[in-house]
Amino acid sequence: HPTSTPPLAAAMQMQAATTTTTACRLAPPQASRCRPSSLSASRCRGRRACSLRVSASLEQEVKERAGSPSPAAGKIGKSTRRDVRNIAIVAHVDHGKTTLVDSMLRQAKVFRDNQVVQERIMDSNDLERERGITILSKNTSITYKGTKINIIDTPGHSDFGGEVERVLNMVEGVLLVVDSVEGPMPQTRFVLKKALEFGHAVVVVVNKIDRPTARPEFVVNSTFELFIELNATDEQCDFQTVYASGIKGKAGLSPENLADDLGPLFEAILRCIPEPRIEKDGALQLLVSNTEYDEHKGRIAIGRLHAGELQRGMEVKVCTPDDACRISKISELFVYQNFSRVPVETVSAGDICAVCGINDIMIGETIADKVSGTPLPTIKIEEPTVRMSFSINTSPFVGKEGKYVTSRNLRDRLYRELERNLAMKVEDGETADTFLVSGRGTLHLTILIENMRREGYEFMIGPPKVINKTVDGKLLEPYEIAAVEVPEEYMGSVVELLGKRRGQMVDMQPSGPEGTTLLKYKIPTRGLIGLRNAVLTASRGTAVLNTIFDSYGPWAGDLSSRDQGSLVAFEDGSTTSYALLNAQERGILFVSPGQDVYKGQIVGIHQRPGDLAINVCKKKAATNVRSNKETTVVLDEALSYSLDDCIEFIQEDELVEVTPASIRMCKNPKISKKNR
């Protein structure tokens, strides 16, 4: 038409209108924006150059769109759902994610006013409640002003980073929770890096703002610096900041002016987190990001519906990117409403749902339309860095406490773990009864061991070993960034300890006004094994150690992790006070009088290097000359080691025997025979 607008101009007008609308919707009031106070002129110039590059690329994209056919010409256009937001709450460990979710659930009236609710209700696993940490990511939802907000609570430990990587596929934005005193920590960097790689919008929540030593301006500036380091875009760097106290259930847009509830946080989520982009009329696509198991319903697949509509009873195609497809039927369908799963007949694109009826579904597979469905890209997880050997129990006490003791039981359980735990790998060992299990760290593997132990399994585990790589003929090993918060009076001994383990200091700075110093080291993963207890001992229990995987680097050389040997039982039997009185002069004991021990069991720590075989079952001779009466014996209290302590303690020729009732350490008979 002679009076119509040229295609290029029309496309640019449309793009400008869309950009303006989006910016208006996302932009909060000017006063609430975080404006870091210390930005150098060079960095500002760098950001301007980046903005020019973004503008140029945007103009190029508009030209390409103008020359390409319109959605009406055969391509299904994407729309948004305004009644749904999908968010993940990510943070470093102990920065208050789960407590913040508790307050969000309470204020959204998820529970009755007279309902008794325990603390950290999202940590439903027994092991999570005992350790006070989040291990598994979990879903819930709340409704605020007619908008459903799907919330995913994620772990904070670096060993469970695979859980975070999985669930970021299901959301459009994240709440990055940062402690108002500590600021960004190693795991903060990891989770933020992953969120930025996905292109997610980020709302920064400065939590625990009610702490007396809170320093919000420093925390916001440090967080902004972290965005810059991770090459965030201009839009991501212009993040919304909300100040909150999760335990009190208060939030605000400035640290001095908190509202009486979390209203400002909910408003920031609706304003700054994008609406889900969906293909409502497209072919069905759901990427499975998590699985659960129910005794009655079987395996439950959890994921976000990207396109189409899912109905109960419909037949679907389950496929992977390598074109391996099979037909299945949906038996039941659930969505998350408040703190429970609610059965529904249909689910529209953009929502997070749970699907039953596909018993062989795996994480990373796509539930697609039976006729025209195509698979989504599978979930990629970073490689494990630590390996441990699992084998059947060969001690004289085998079968006394456990229910599952055979290699077949052990094999089935380990391979079953792979169905849910994507960051873990299992391989067959040198013998039929040995398996090599690889994970993100010793804590990652320790949680698996503890769960198996509680299920009735009996087995032995070897010392943790790092997974090395050979590139171009050079041996590389994994390095991690270790952040240690330590009082100034113990800093010298901690620095010396880290130096012995081939650690290289990266940064040292004061951490708050409490007289503590934050040390950052780049250290081989080998050097971290057994480091936690050593650091606690050197600092009288006051230091806090956090680690995160950094990269692979050149082999750092040999290093010694333990200067003391082991005290080894000389024979089978029951320990006596008479024998332990003499044995305790040789070192620190793990056993008390009356305990059954066997030959080769580690019963204590030798005070010198090298192992020492001692008799802890010797009885006092009873003759006519000597009296039978036991004299009063004063024994030192036996040292009690947890599973984590035992794994860090053992060396190359030692094993940990794990049963439902006991945890013992022993010498590895195979290696001991070779040494003889």
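These are legends for a set of close-up views of a predicted model.

**View 1. The largest nonpolar core sits between two domains.** This core holds 40 residues, and Leu-176, Leu-192, Val-202, Val-204 and Phe-227 have the most contacts inside it. Helix α7 (residues 216-229) chips in six residues, the largest share. Domain 1 (79-277) and domain 2 (279-368) both give residues to the core, so it lies between them. As a general backdrop, nonpolar side chains in soluble globular proteins tend to be buried together.

**View 2. Val-204 and its neighbours in space.** Val-204 is among the residues with the most contacts inside the largest nonpolar core. Leave out anything within four places in sequence, and Val-204 still touches Leu-176, Val-178, Thr-223, Phe-227, Phe-239, Gln-240, Thr-241 and Val-242. Two of the names in that list, Phe-227 and Phe-239, turn up again in the next view, where ring pairs link them with Phe-224.

**View 3. A cluster of phenylalanine rings: Phe-224, Phe-227 and Phe-239.** Searching the whole structure turns up 10 aromatic pairs. In the pair formed by Phe-224 and Phe-239, the ring centres are 6.4 Å apart and the planes meet at 45°, so this one counts as tilted. Phe-224 belongs to helix α7, while Phe-239 sits in the loop between α8 (234-237) and β7 (240-245), so the pair ties together parts that are 15 residues apart in sequence. Are these two rings buried or exposed? Phe-224 is buried, at 10% relative accessible area, and Phe-239 is buried too, at 2%.

**View 4. An edge-to-face pair, Phe-590 with Phe-649.** Here the ring centres are 5.9 Å apart and the planes are at 85°, so the pair is edge-to-face. Phe-590 comes from the loop between β32 (587-589) and β33 (596-597), and Phe-649 from helix α16, so this contact ties together parts that are 59 residues apart in sequence. Both Phe-590 and Phe-649 are buried.

**View 5. Helix α14 and what its buried residues pack against.** Helix α14 covers residues 531-538, and Leu-531, Val-535 and Ala-538 are its buried residues. They span an arc of only 65° around the axis, which puts them on the same side of α14. The spacing fits the usual helix arithmetic: an α-helix has 3.6 residues a turn, so residues three or four places apart point the same way. What do these buried residues pack against? Their partners are β26 (474-487), α12 (491-500), β28 (516-524), α13 (525-528), β29 (544-554) and α16 (643-649). Just past the end of α14, Arg-540 takes a positive phi of about 55°.

**View 6. Lys-522 in strand β28.** Lys-522 is partly exposed, with a relative accessible area of 28%. Not counting residues up to four places away in sequence, Lys-522 touches Tyr-479, Glu-480, Ile-481, Arg-502, Gly-503, Gln-504, Val-506, Asp-550 and Ser-551. For scale, its C-alpha atom is 9.6 Å from that of Phe-549, 27 residues apart along the chain.

**View 7. Helix α9, mostly covered.** Nine of the 10 residues of α9 (residues 263-272) are buried. The list runs Gly-263, Pro-264, Leu-265, Phe-266, Ala-268, Ile-269, Leu-270, Arg-271 and Cys-272. Cys-272 has 8% relative accessibility, which means it counts as buried. Elsewhere, Cys-646 is buried as well, at 2%. Don't go looking for a disulfide, though: a search of the whole structure finds zero.

**View 8. Loop residues: Lys-145, Lys-208 and Ser-395.** Lys-145 sits in the loop between β3 (138-144) and β4 (147-153). Its phi is positive, about 50°, although it isn't a glycine, and Lys-145 is exposed at 63% relative accessible area. Lys-208, in the loop between β6 (201-207) and α7, also has a positive phi, about 60°, without being a glycine. At 25% relative accessibility, Lys-208 counts as partly exposed. Ser-395 lies in the loop between β20 (386-392) and α10 (407-417), and it is buried, with a relative accessible area of 5%. Setting aside residues up to four places away in sequence, Ser-395 touches Met-460, Tyr-598 and Glu-657.

Conventions:
Residues are numbered from 1 along each chain as its sequence is written. This is a predicted model: local features need pLDDT of at least 70, side-chain atom pairs count only at pLDDT 80 or more; totals for chains, interfaces and linings use all residues. Side-chain values use heavy atoms; hydrogens and water are left out. Buried means under 20% relative accessible area, exposed over 50%, partly exposed in between (1.4 Å probe, protein chains only). Helices (H or I, at least four residues) and strands (E, at least two) are DSSP runs, numbered from the N terminus. The arc is that of the directions from the helix axis to the C-beta atoms. Contact means heavy atoms within 4.5 Å. A nonpolar core is a set of buried Ala, Val, Leu, Ile, Met, Phe, Trp, Tyr and Cys residues joined through side-chain atoms within 4.5 Å. Domain bounds come from an automatic or database domain assignment. A disulfide is a pair of cysteine sulfur atoms within 2.5 Å. Rings of Phe, Tyr and Trp (its six-membered ring) pair if their centres lie within 6.5 Å; planes under 30 degrees apart count as stacked, over 60 as edge-to-face and the rest as tilted.
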